[in-house]
Structures are given as C-alpha cells and as structure tokens.
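Here is a set of exercises to work through with the model open in your viewer. Try each task before you read its solution.

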Amino acid sequence: ILKLPTAAEVNEVGADLITSLVQTKPNAVLGLATGSTPVGIYQELIRAYQRGLVSFKQVKAFNLDEYIGLPATHSQSYAYFMKEQLFNHIDIDPEQTNIPNGTAADPHEEGKRYDALLESVGNIDLQILGIGHNGHIGFNEPSPALVSGTHVVELAEQTREANARFFEDKSQVPTHALTMGVGSILKAKTILLVAKGADKANIVHRALTGPITTECPASLLQTHPHLIVLL
Ligand code: GLP
C-alpha cells in the first residue's frame, strides 16, 4: 500500500509500473479500467509513449466493463472513453483492444464470448482497478452473492447517481452493464488498485481492513497474493 501526497504522484507511479511491465514484456496483457481515477495514469502512459520510452504495439488490452445499450460511438460508452483517453494516442493495435459489447443481441452470450477470449490469452498480467463509493470493482455491485465470470449486472442506484455527472441527467444513465466478474479479476497476476481523494478514504479502509464480504466486492482483493494499492 503506497500512500502518496498528490494525485500527480499516483499517476506517475501507476504509469511507471505499467511501462516497466511493458518494457520487460512487450506482449503483456493489460486489464484496463474506466472512471475518472485512471485518466491521469493514461495521460502519463501517453507521455511515456510520445517520449519513446515504451511501445504498446504487441500489448493486448481487456477492459473491465461496458454499459448495456450504449454503442461504441456513444460519447459515454466505455469503448469511446478508452479511445479518447488512451488508445487513439498510443501505438496499440485496435484489434488487440477488447471491451464487452454493450449492444450485443444477447448480452449473456457476449459475457461468455468475452470470457473465452480472456481465457485464450491466458492471464491478465496487470489489472488496473478503481473503486466505487459502495465498494464496487468493475461493475460488480455489493450483493449477497457475486458472479465469477463476465455477466450482466443491474447498476446500483448509488452508481447511477455517481455516474450521472457524465450524462445529461440520471435518467440517461443505463440501468445495466456487462462486467468482468470478481473471479476473472482475481485471476490477474498483479492487481493495481487506485483511489484518489478523501471521499474514497472510508471505502478503501473498509475494503482493505474490513471483513471479506460480497457486500463490499473490493474486500475480495484482500485474498489476492499480489495487490498493489496506490492512494
Ligand atoms: C465506475 C466504473 C468503475 C470505477 C468506478 C469509480 O462506474 N465501472 O470501474 O472504478 O465507477 O469511478 P471513479 O474513478 O470515477 O471514481
């Protein structure tokens, strides 16, 4: 657990971990996240790429989640977000960037397809995670039981409220999403959990020191043998 005084330092350390991995393993499999938290890390990665320190040509990327019903062209889809915030600015092969398809005719089948794809590349080398105020990771919301693989979830009201800031109003926020399950997340060789700001302090404390419970999905990260937390 690394507590750093500023968000800028979190971004630098987070990006350094990723660039070091890709420098030593150019065909690394990266698990990527959306939300506001990783944006600064992505900006540092773009800078490292522009300075010639790292190439993402052989990297494979898998994103955690996507809203159901938003096409990749929608400005609030996570597919669009990833292009805007990272993929369009580095040399990653677009064919090697994977995000669950939020407009698949059968979202349940799409979850299975995504898991098979993940399986085919072996384990994710490094998974970046943010954390929701309710302890969600990806879109795995607090619940009496959690699902292991990629699946459809109904978003918690708190999550839709938190994400309404990106839409015209809350009614525009999709009600469902496709998310990698906690099982898939925990299979990653290394997990990098990032949280910034005082408003995340309580939930981070609960996740890392509280009981391991599906009512706080991030608490399952306590079971991971190689978890790095950047605060
Ligand atoms: C979103 C995403 C999560 C993210 C979280 C926190 O809804 N599905 O992957 O970690 O909420 O977002 P933020 O980083 O903006 O606080």
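**Exercise 1. Find the residue in strand 7 that stands opposite Val 152, then work out how the strands around it pair.**

*Solution.* Step 1: Val 152 stands opposite Leu 178 in strand 7. Strands here are DSSP runs of E with at least two residues, helices are runs of H or I with at least four residues, and both are numbered from the N terminus.

Step 2: go to the pairing. Strand 6 (residues 151–154) and strand 7 run antiparallel and are joined by 4 bridges. Two strands count as paired if DSSP finds at least two bridges between them. Another bridge partner to check is Ala 177 in strand 7, which belongs to Val 153.

Step 3: look at the other pairing of strand 7. Strand 7 (residues 176–179) pairs with strand 3 (residues 65–67) in the antiparallel sense, over 3 bridges. There, Thr 179 of strand 7 has Asp 65 opposite.

Before you go on, note that this is a predicted model: local features need pLDDT of at least 70, side-chain atom pairs count only at pLDDT 80 or more, and totals for chains, interfaces and linings use all residues. Residues are numbered from 1 along each chain as its sequence is written, and side-chain values use heavy atoms, with hydrogens and water left out.

**Exercise 2. Sort the side chains of strand 6 by face: which are buried, and which are not?**

*Solution.* Step 1: start from the rule. In a regular strand the side chains alternate between the two faces of the sheet.

Step 2: apply it. His 151 and Val 153 point to one face and are buried, buried meaning under 20% relative accessible area, exposed over 50%, and partly exposed in between (1.4 Å probe, protein chains only). Val 152 and Glu 154 point to the other face and are not buried.

**Exercise 3. Write down the strand order of the open sheet and explain why its edge strands have a free side.**

*Solution.* Step 1: the sheet is made of 6 strands in the order 4-2-1-5-8-9, with parallel pairing.

Step 2: strand 4 (97–98) and strand 9 (227–230) are at the edges; each has a single partner strand, so one side of each is left without a neighbour in the sheet.

Step 3: take one pair from inside the order. Strand 1 (residues 29–32) pairs with strand 2 (residues 60–63) in the parallel sense, over 4 bridges. Within this pair, Leu 32 has Asn 63 as its bridge partner in strand 2.

**Exercise 4. Assign Asp 125, Leu 227, Pro 71 and Gln 50 to buried, partly exposed or exposed.**

*Solution.* Step 1: Asp 125 sits in the loop between helix 4 (107–120) and strand 5 (126–129). Its relative accessibility is 7%, so Asp 125 is buried. Not counting residues up to four places away in sequence, Asp 125 touches Leu 21, Lys 25, Ala 28, Val 29, Lys 189 and Thr 190, where contact means heavy atoms within 4.5 Å. The C-alpha atoms of Asp 125 and Lys 25 are 9.4 Å apart, although 100 residues separate them in sequence.

Step 2: Leu 227, in strand 9, has 23% relative accessibility and therefore counts as partly exposed. Leaving aside neighbours within four places in sequence, Leu 227 is in contact with Ile 191, Leu 193, Leu 208 and Leu 221.

Step 3: Pro 71 belongs to the loop between strand 3 and helix 3 (78–85). At 34% relative accessibility, Pro 71 is partly exposed. With neighbours within four places again set aside, Pro 71 is in contact with Ser 77 and Thr 103.

Step 4: Gln 50 lies in helix 2 (residues 39–50), and its 59% relative accessibility makes Gln 50 exposed.

**Exercise 5. Why does the radius of gyration of the protein chain agree with a compact globule?**

*Solution.* Step 1: the globule rule is 2.2 Å times the number of residues to the power 0.38, and the radius of gyration is taken over C-alpha atoms.

Step 2: for 231 residues a compact globule would have a radius near 17 Å; the protein chain has 16 Å, so the two agree.

Step 3: add the wider picture. The C-alpha trace spans about 45 × 40 × 35 Å along its principal axes, and buried residues make up 50% of the 231 residues.
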